[in-house]
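Please look over the structure shown here before reading on. The report after it moves from the chain as a whole to a few of its local features.

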Amino acid sequence: MGGYDRWVIHLDMDAFYASCEQLTRPTLAHRPVLVGGAGPRGVVAGASYQAREHGIKSAMPMSQARRLLPPNGVILPPRFKLYELLSTQVFDLVAQYAPVLERISLDEAFAEPPSLARASSDEVREFGARLREHIRTEIGLVASIGAASGKQVAKVASDLAKPDGLLVVDQGTERDFLAPLPTRVLWGIGPVAEGKLRAIGVRTLGQLTALSDADAVSTLGSVVGRDLRRLATGVDDRPVSDRAELKQVSAETTFDRDLIDLPSLRREVRDLAVHAHRRLVNAGRVARTVVVKLRHTDFSTVTRSETMASPTDEFDQLAAMAERLLIDPTEFGGVRLAGVAFSGLSVPHQDPLFTLSVPAADVPALERAPAPVAVVSSSWRPGDDVVHDSFGTGWVQGAGHGRVTVRFETRSSGPGVARTFQQEDPALRRGEPGDCLA
Ligand SMILES: [Mg+2]
């Protein structure tokens with residue numbers, strides 16, 4: 001019995017930042033761990049599953065998360081260099097199975113493994129299980145995998161497979177698989193579109209595909225509505241491609257005749273926004289900045305832009321901003337060319353990271369007792385990597401009163417012992433991010 005032509009897998013590391021901490025600091029392996037800025041405006045960038053059991057989620061304000069965190073929980077500053085090292089290890093390994101990887105963040109990628117061309121679902125399940133096991137034994141981290149005939153369904157499948165799971169969507173069942181799911185699982189449907197759809201009684205992707213053309217067009221716009229409804233049926237032939245870091249997506253056009261009134265300029269710019277938005281969604285990105293370019297009859301060019309507080313892939317929000325940036329041709333002269341670009345691109349849900357830059361002294365001592373004490377800038381802070389002349393590699397578990405408590409452990413050591421030193425102990429040196437991978 002033959003299989004199908006195309007299998008896309010979406011691989012997503014489970015609770016990646018927190019898992020990197022638990023892997024390299026084995027004492028934390030089964031404890032609630034939060035990674036993020038601990039300052040007044042800090043947010044949770046990563047939470048271990050033990051922390052999630054207490055209702056803590058990514059992007060939650062740290063002040064709220066701290067109240068939910070049980071007494072054995074810890075808050076750690078992020079170590080992005082370490083996460084990058086582990087990310088490289090993971091995807092170097094995945095590349096042995098699938099040479100073309102479309103990385104979408106430190107811990108997520110699409111792949112279309114050549115060995116799976118025309119494979120059966122069972123063969124894909126075997127492949128996924130083998131790859132997950134290889135990552136676990138070789139690196140020590142857990143990856144969840146979704147597999148399907150296209151990227152959108154594979155991505156939804158890996159989300160549903162979490163934690164520590166594998167979900168293969170049999171080909172031909174994509175539509176039924178998506179039907180009961182809420183509309184927001186689809187790329188391109190954010191809170192605004194979700195709200196509009198809910199207002200006309202559409203909560204699931206099944207209901208979205210059943211919508212009449214007229215209702216879809218009036219709610220989502222003609223092109224966006226058609227694209228999203230197509231994705232909602234599980235039809236997705238977008239390629240998996242290894243691409244350079246994307247800076248912006250855009251669309252522009254020169255008009256046959258100069259536009260001399262605002263309503264027709266608005267209409268054209270909305271059209272351009274549709275095309276730029278399609279590129280944004282295809283790239284799996286969200287944008288923070290909208291740029292509008294207008295070339296006037298006299299060839300002078302004006303560029304106007306606006307940046308939002310948080311990035312979005314929501315068409316209405318992006319298009320409305322592009323329209324607000326327009327200049328009335330009756331005041332500034334006819335327009336012969338217009339362009340719309342979305343820039344400040346990022347991968348959805350990664351944004352909280354950009355608000356992590358809190359003053360170091362705001363990071364509290366990890367252990368609840370004794371009470372954390374503000375430390376001077378030159379001294380050790382909780383979470384710091386440390387090397388000791390005789391005890392080796394470790395990390396600062398707590399600091400205060402002129403003393404520092406260091407836990408000596410690495411990826412391979414098992415839970416280590418803690419020792420307390422004077423802050424100025426000359427045997428203590430700052431460690432490198434990769435030391436703990438030993
Ligand atoms: Mg992940």
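## The chain and some of its details

In this predicted model, residues 24 or more positions apart in sequence account for 65% of the contacts in the chain that have a separation of 6 or more. The chain has 438 residues, of which 53% count as buried, and its secondary structure consists of 14 helices and 17 strands. Its C-alpha atoms fill a box of roughly 80 × 65 × 40 Å along the principal axes, while the accessible surface comes to about 20000 Å², with 52% of that area belonging to carbon and sulfur atoms. The chain carries 51 positive and 54 negative charges, and the mean positions of these two sets are 3 Å apart.

A magnesium ion is coordinated by Asp12 (OD), Met13 (O) and Asp107 (OD), at 2.1 to 2.4 Å. Along the chain, these donors follow the spacing D-M-x93-D, and both Asp12 and Met13 are buried.

Helix α12 covers residues 262–282, and its 21 residues should span 30 Å at 1.5 Å a residue, which agrees with the 30 Å found between its end C-alpha atoms. Its buried residues include Leu265, Val269, Leu272, Val274 and His277. After the helix comes Gly284, which has a positive phi near 65 degrees.

Val274 is also one of the residues touched by Val223, the other being Arg278, when residues up to four places away in sequence are not counted. Val223 itself lies in helix α11, residues 222–232. Between Val223 and His296 there are 73 positions in sequence and 28 Å in space, taken from C-alpha to C-alpha.

Some backbone angles also deserve attention, since most residues other than glycine have a negative phi, and most peptide bonds are trans. The table sets out two residues other than glycine with a positive phi.

| Residue | Phi | Loop | Relative accessible area |
|---|---|---|---|
| Ala15 | near 40 degrees | between β1 (8–13) and α1 (16–24) | 10%, buried |
| Arg118 | near 60 degrees | between β6 (108–111) and α5 (121–138) | 55%, exposed |

Ala15 counts as buried because its relative accessible area of 10% is under the 20% limit, whereas Arg118 counts as exposed because its value of 55% is over 50%.

Where is a cis peptide bond found in this chain? One joins Lys162 and Pro163, with omega at about -5 degrees, and Pro163 lies in the loop between α6 (151–161) and β8 (166–168).

Conventions. Residues are numbered from 1 along each chain as its sequence is written. This is a predicted model: local features need pLDDT of at least 70, side-chain atom pairs count only at pLDDT 80 or more; totals for chains, interfaces and linings use all residues. Side-chain values use heavy atoms; hydrogens and water are left out. Helices (H or I, at least four residues) and strands (E, at least two) are DSSP runs, numbered from the N terminus. The expected span of a helix is 1.5 Å times one less than its number of residues. Buried means under 20% relative accessible area, exposed over 50%, partly exposed in between (1.4 Å probe, protein chains only). Contact means heavy atoms within 4.5 Å. Accessible areas come from the Shrake-Rupley method with a 1.4 Å probe; for residues, only the protein chains shown count as cover. Lys and Arg count as positive and Asp and Glu as negative; His and the chain ends are not counted. The place of a charge is taken as NZ of Lys, CZ of Arg, CG of Asp or CD of Glu. Donors are N, O and S atoms within 2.8 Å of the metal (3.2 Å for Na, K and Ca); water is not among the atoms, so sites may look incomplete.
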